[in-house]
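Please look through the structure below with the following explanation at hand, which goes from one part of the chain to another.

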Amino acid sequence: MRAVQHLLRTNPVVAILGARQIGKTTLAKQIVQHRRRSHFFDLESSADRARLADPLLALEPLRGLVVLDEIQRTPELFPTLRVLADRRPHPSRFLVLGSASPDLLRQTSESLAGRIAYYELPGLSLEEAGTGNADLLWLRGGFPRSYTARSHAESYRWRQNFVSTFLERDIPGLGIQIPGTTMERFWTMLAHYHAQVWNGSELARAFGVSHHAVRRYLDTLEATFMVRVLKPWSTNLAKRQVKSPKVYIRDSGLLHRLLDIRDRVALERHPKVGASWEGFMIESIIRTIGAEGGRCYFWATHSGAEIDLVVQTGTGRLRGFEIKRTSSPTVTRSMRSAMTDLQLRSLDLVHAGEDSFPLAKNIRAIAAGRLLQDL
């Protein structure tokens, strides 16, 4: 709330972007409660769309905060918002909520450049759930209704319904012309490649389509916050470096739904348990240190050296993070190579043990249970 309210003080238009059902509307309504004058339009409602048949006539007289929910459903509003945002002084501020479709991003960049600020709303974080509930958050993921369900079975059913609704209604509603059955097959296949380097040609052969088609499927899931594509960090070295990105299902709960993992016992027995924990920890680290997605990378060479997460700080220096689901962390050759080759400011090895302690100069072992305190 503080972040969005700060953006509203300094920008005429603020967009809260995030996956469906992540809590954008709930957050907006909480912000509305702190405003003396506000107006709320749900653009999935035919009545509210009818009120905006002539958007300039409907919006120009309004004062205070104007909320437009599911803005991507009416992209024709953006030229009107540009006109209203240019008024001086600003009689109203606009808070728009959207699911980050390609249409939404294109329209706002064309019509509202220099007038709009973005806030990405992710799922529940480790800080919000508490480190004592980390295992539950890992199993169920950060969607509020999945995490707060009364049982694992109820949480799993909610994620089943979410996937079905997302594929059958939300994807077409965003103007994306990919059949739901095709996207479900691809999404499920991608879950088995979670935390691996992207190999479009291999996926295309397995899927029976061109590598351009599978890349379009991947871009669709990335644009709707379902997937994180971690780009490779490349530097001027004699070593051959991996140039393809790594792909993660962003929400661990959705990953477990796609892998048909229903409870903690099944998770511990699954061959992807280590990759699942790696993805969960990477998302937690990014949230904890407040890193921007565009400044997050991984690094790997063809000789085998690899660092799971490399974050570029505001000063341009690099921080490295290695994820190991072990209780006995040790310094590896890959870590020493990364410290030298990338000139890392620091390297943190996040592990499943109970204690945090130094391993070597500028290298620390950090217990996952102490992530919030020690990062």
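In this predicted model, helix α2, made of residues 24-33, lies across the strands β1, β2, β3 (64-69) and β4, and the helix runs at about 160 degrees to β4. The strands beneath this description belong to an open sheet of five, arranged in the order β2-β3-β4-β1-β5 with parallel pairing. At its edges stand β2 (38-42) and β5 (116-120), each of which pairs on one side only. Neighbouring strands of the sheet are turned against each other by 15 degrees on average, if the direction is ignored.

Strands of a sheet pair through backbone hydrogen bonds, and they do so either in parallel or antiparallel fashion. Within this sheet, β1 (residues 13-17) and β4 (residues 92-98) pair in the parallel sense over five bridges, and Leu17 has Gly98 of β4 as its bridge partner.

Further along the chain, helix α12 spans residues 200-207, and Gly200, Leu203, Ala204 and Phe207 are buried in this helix. Seen down the axis of α12, the buried residues fall within an arc of 100 degrees, and therefore they line one face of the helix. An α-helix has 3.6 residues a turn, so residues three or four places apart point the same way. The buried residues of α12 pack against two other helices, α11 (180-192) and α13 (211-223), whereas the face turned away from the buried side carries Arg205 and Ala206, which are exposed. After α12 comes Gly208, whose phi is positive, near 80 degrees.

Note on methods. Residues numbered from 1 in each chain as written. Predicted model: local features only at pLDDT ≥ 70, side-chain atom pairs only at ≥ 80, totals over all residues. Heavy atoms only, no water. Pairing = 2+ DSSP bridges. Helix = DSSP H or I, 4+ residues; strand = E, 2+ residues; numbered from the N terminus. Axes fitted to C-alpha atoms, helices over the stretch in contact; angles between N-to-C directions. Contact = heavy atoms within 4.5 Å. Buried < 20%, exposed > 50% of the residue type's maximum accessible area, 1.4 Å probe, protein only. Arc of directions from axis to C-beta.
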